[in-house]
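Welcome! Here is a short guided tour for anyone meeting this protein chain for the first time. Take a look at the picture, then read on.

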Amino acid sequence: MTEGLLLFAHGARDPAWSRPFEAVAERLRAARPGTPVALAYLEFMSPGMEEAAAQLAAEGCTRVHVLPLFLGTGGHVRRDVPLLLDRLRARHGDAVEWLLHAPLGEHDAVLQAMCDACLSKLE
């Protein structure tokens with residue numbers, strides 16, 4: 001089984017907005033050179049989720065971890081992401097397992113990193 005990672009962000013009209021997300025994807029690729037990593041956007045930017053997912057499937061991924069790069073579970077994560085995953089499951093059938101994880105902002109390590117960054121301004 002080949003596992004891949006699909007990072008999913010909102011997107012914006014300003015290309016500079018995506019720099020932190022691209023940096024995360026690059027750091028992941030460097031940390032796990034054998035793991036396919038794709039970054040996708042909901043709107044305004046490309047690739048979209050379907051295109052990024054197709055790339056991972058073409059790279060031989062049979063299990064893909066989908067990680068929304070959102071701070072919380074808002075409307076996009078509750079409504080849009082499940083619909084997009086349903087499309088991926090219909091398109092790829094049993095060839096790829098798509099595993100949706102909690103948004104990044106709900107992971108304790110991320111909350112702690114944000115807290116630490118804030119506290120560092122007081123030192």
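## A walk through the predicted model

Leaving aside residues up to four places away in sequence, Leu-85 touches Met-49, Val-66, Trp-98 and Leu-100. Please keep in mind that this is a predicted model.

Leu-85 is also a good way into the interior. The largest nonpolar core has 19 residues, and those touching the most other members are Leu-6, Phe-8, Met-49, Val-64, Val-66, Leu-85 and Trp-98. Which parts of the chain supply at least two residues each to this core? They are strand E1 (3-9), strand E2 (37-41), helix H2 (49-58), strand E3 (63-68) and helix H3 (75-92). Helix H3 gives the largest share, with five residues. As a general point, nonpolar side chains in soluble globular proteins tend to be buried together.

A separate core lies apart from that one. This other core has eleven residues, including Phe-21, Leu-39, Met-45 and Leu-69.

### Charged partners

Next come the salt bridges, of which the model has six. Three of them are set out here, with the closest nitrogen-to-oxygen distance for each pair.

| Pair | N to O distance |
|---|---|
| Arg-91 and Glu-50 | 3.6 Å |
| Arg-63 and Glu-97 | 3.0 Å |
| Arg-89 and Asp-86 | 3.8 Å |

Let us take these pairs in turn. The salt bridge between Arg-91 and Glu-50 links distant parts of the chain: Arg-91 sits in helix H3 and Glu-50 in helix H2, 41 residues apart. How open are the two partners? Arg-91 has a relative accessible area of 53%, so this residue counts as exposed. Glu-50 is partly exposed, because its relative accessibility is 24%.

Now for Arg-63 and Glu-97, whose closest N and O atoms are 3.0 Å apart. Arg-63 belongs to strand E3 and Glu-97 to strand E4 (residues 97-100), so this salt bridge ties together parts of the chain that are 34 residues apart in sequence. Both residues fall in the middle class of exposure: Arg-63 is partly exposed at 23% relative accessible area, and Glu-97 is partly exposed at 33%. What network does this pair belong to? Glu-3, Arg-63 and Glu-97 are linked in a network of salt bridges.

The pair of Arg-89 and Asp-86 stays within one element. Both residues lie in helix H3, three residues apart, or about one turn of the helix. Arg-89 is partly exposed, with 37% relative accessibility, and Asp-86 is partly exposed as well, with 44%.

### The cysteines

How many disulfides does the whole structure hold? A search finds zero. In general terms, a disulfide is a covalent bond between the sulfur atoms of two cysteines.

Why is Cys-118 not counted in such a bond? The nearest cysteine sulfur belongs to Cys-115 and is 6.8 Å away, whereas a disulfide needs the two sulfur atoms within 2.5 Å. Cys-118 is exposed, with a relative accessible area of 54%. Its neighbour in this comparison, Cys-115, lies in helix H4 (residues 108-120) and is partly exposed at 35% relative accessibility.

Is Cys-61 buried or exposed? At 2% relative accessibility, Cys-61 counts as buried, because buried means under 20% relative accessible area.

### A nonpolar patch on the surface

Some nonpolar side chains are found on the outside too. Leu-71, Leu-111 and Met-114 make a nonpolar surface patch of about 300 Å². Where does Leu-71 sit? Leu-71 is in the loop between E3 and H3. With a relative accessibility of 61%, Leu-71 counts as exposed.

### Distances along the chain and in space

Two pairs of residues help to give a sense of scale. Cys-115 and Leu-6 are 109 residues apart in sequence, and their C-alpha atoms are 26 Å apart in space. Ala-54 and Ala-38 are 16 residues apart in sequence, with 9.9 Å between their C-alpha atoms. Of this second pair, Ala-54 is found in helix H2 and is partly exposed, with a relative accessible area of 30%.

Notes:
Residues numbered from 1 in each chain as written. Predicted model: local features only at pLDDT ≥ 70, side-chain atom pairs only at ≥ 80, totals over all residues. Heavy atoms only, no water. Core = buried A, V, L, I, M, F, W, Y, C linked by side-chain atoms within 4.5 Å. Buried < 20%, exposed > 50% of the residue type's maximum accessible area, 1.4 Å probe, protein only. Helix = DSSP H or I, 4+ residues; strand = E, 2+ residues; numbered from the N terminus. Contact = heavy atoms within 4.5 Å. Patch = residues over 30% accessible without salt bridge, like charges linked within 9 Å, V, L, I, M, F, W, Y side chains within 5 Å. Areas by Shrake-Rupley, 256 points an atom, 1.4 Å probe, with all protein chains shown as cover. Salt bridge = Lys/Arg side-chain N within 4 Å of Asp/Glu carboxyl O.
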